[in-house]
Amino acid sequence: MNQQKTLTKEEQYLSRRVNSVQESQTMQITGKAKKMQGEGLDVVSLSAGEPDFPTPDFVSAAGIKAINDNFTKYTINSGILELRKAISEKFKRDNNLTYTPDQIIVSNGGKQSIANIFMALLNEGDEVIIQAPYWVSYPEMAHLCDAVAVIIDSDIDSDFKITPAQLEAAITPKTKLFVFNSPSNPTGTVYSEQEIRDLMAVLVGKDIFIISDEIYEHLIYDTVRHFSPASIKELYEQIITVNGVSKAYSMTGWRIGYAAGPKWIIDASGKIQSQTTSNPCSISQKASVAALNGDHGVVENMKAEFLKRRDFMYNELNQIPGIKVNKPEGAFYMLVSVQELMGKTIDGIEMKTSADLATYLLDKYLLATVPGDAFGAEGYLRLSYADSLENLGKAVERLKKAVS
Ligand code: PLP
């Protein structure tokens, strides 16, 4: 919710809209950790929101070829047909979803895809249902549209899952959107097909739209399988499926994401994009065609590496007193509970909040984590395992020392 606060002189000149938005805390802590690393300090950062692997060579080669071919001009606003066809085929192949290229828009990352849809659908006062712990940008994007973020809480004891009854209870006549994210950032939680069917059944026939953010689709471990809610026939017309190449192909800097859904929503989203940014980068579009049509082995290799790290982190963290963990089945994050440590005094510093603990870990132990309040989850820390096993080993040792 937008908070009343005393505005600085500068803030009084700024719009109400921008004053209602919080700066991303993940970016803040990553920035501080990078600055410390720049000063020569041996900081281990578990704050990253991106894979640590290089972009696959064949993908980069397609980008270089685009430059050499002078494919460096504006493209059609919604993205080149070749890419939208590759995305359409990807949806059929991976998700059993039929989206024609004119039901697809390519944007500057999944982030812009989601922001476009928010702007296309939301009026002042409309309500957006968001599950906490959430990806930091969902509530802030709602604020940017003068809409209201309605938060449903979940915790580690329920593996960060909400129930159909909780969803039902959050709905009001003002509800316009429900944002669903599986696998989740920041929890790594993956809902099963049956859990998704049960949850989504609540929304059938209602004037509520659903954004299904599937950006971590390919990073799922164990036996649970990814399931796209839009493949539920009764809900196809209510759902916008968002995905991108950032996480699956380690292409965060190329900035390519996409949304698919009812043509009228995609067209509206295109209108917003055409008047704000126009097409996403032409070179990145060509590289994304190569990624989506290329050998999926590169994704599998990355996933195998992440699985080793997930298991390492889970086993090690499980043994640290004061820290409670669950076993996330997807993405590359763990949201660990540090509730037991709250209120305790460590090294003469009282740990009132998880931000106090995160600051202490960074300042005293050169370990960067992200405090849970950034995700609507006070009492938790997000640890990203998108780093080498060697660095994860160091991180665990530092954490052990710090809290022992
Ligand atoms: N959705 C979630 C849950 C994310 O964690 C991110 C990135 O961190 C995005 C969407 C957007 O990714 P991008 O804009 O790089 O496609």
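In which loop is Pro183 found? I looked this up before anything else, working on a predicted model. Pro183 sits in the loop between β5 and α9, the helix of residues 193-201.

**Entry: cis peptide bonds**

I checked the bond that leads into Pro183. Ser182 and Pro183 are joined by a cis peptide bond, with omega at about -5°. I then found a cis peptide bond between Ala132 and Pro133, where omega is about -5°. Pro133 belongs to the loop between β3 and α7, and α7 covers residues 137-144. I noted these bonds because most peptide bonds are trans.

**Entry: a positive phi**

Most residues other than glycine have a negative phi. I therefore wrote down Asp222, a residue other than glycine whose phi is positive, near 60°. I located Asp222 in the loop between β6 and β7.

**Entry: the seven-stranded sheet**

I traced the strand order next. Seven strands make an open sheet, ordered β2-β8-β7-β6-β5-β3-β4, and the pairing is mixed. The edges are β2, residues 104-107, and β4, residues 148-152; each of these pairs on one side only. On average, neighbouring strands in this sheet are turned by 20° against each other, direction ignored.

I looked at the β2 edge in detail. β2 runs antiparallel to β8, residues 257-260, and four bridges join the two strands. I followed one residue across: Ile104 has Ala260 in β8 as its bridge partner.

Which strands does α6 lie across? I listed β2, β3 (127-131), β5 (175-181), β6 (209-213), β7 (239-244) and β8. The helix runs at about 160° to β7.

**Entry: the ligand**

I moved to the ligand and its shell. Which helix gives the most residues to that shell? Helix α6, residues 109-121, does, with three residues. So α6 turns up twice in my notes, across strands of the seven-stranded sheet and around the ligand, with the helix limits set by DSSP runs.

There are 13 residues around the ligand, and Gly110, Asp213, Tyr216, Ser246 and Lys247 come nearest. I sorted the shell by class and got four nonpolar, five polar and four charged residues.

I then went through polar atom pairs at the ligand:

- A polar backbone atom of Gly110 is 2.6 Å from an oxygen atom of the ligand.
- Asn185 places a polar side-chain atom 2.7 Å from a ligand oxygen atom.
- An N or O atom in the side chain of Asp213 is 2.5 Å from a nitrogen atom of the ligand.

How much of the ligand's area does the protein bury? The ligand taken alone exposes 390 Å², and the protein buries 93% of that.

**Entry: the three-stranded sheet**

I finished with the other sheet. Three strands in the order β9-β14-β13 form an open sheet with antiparallel pairing. β9 (333-337) and β13 (370-371) are the edge strands, each pairing on one side only. Two bridges connect β13 to β14, residues 380-384, and the two strands run antiparallel. Val370 has Arg382 in β14 as its bridge partner.

I also looked for a helix against this sheet. Helix α13, residues 354-365, lies across β13 and β14 and runs at about 45° to β14.

Methods:
Residues are numbered from 1 along each chain as its sequence is written. This is a predicted model: local features need pLDDT of at least 70, side-chain atom pairs count only at pLDDT 80 or more; totals for chains, interfaces and linings use all residues. Side-chain values use heavy atoms; hydrogens and water are left out. Two strands pair if DSSP finds at least two bridges between them. Contact means heavy atoms within 4.5 Å. Axes are lines fitted to C-alpha atoms, for helices over the stretch in contact, and angles run from 0 to 180 degrees between N-to-C directions. A residue is near a molecule or strand if one of its heavy atoms lies within 4 Å of it. A polar contact is a pair of N or O atoms within 3.5 Å; within protein, one must be able to donate a hydrogen and the other to accept it, and residues adjacent in sequence count only if both atoms are side-chain atoms. Accessible areas come from the Shrake-Rupley method with a 1.4 Å probe; for residues, only the protein chains shown count as cover. Ala, Val, Leu, Ile, Met, Phe, Trp, Tyr, Cys and Pro count as nonpolar, Asp, Glu, Lys and Arg as charged, and the others, Gly among them, as polar.
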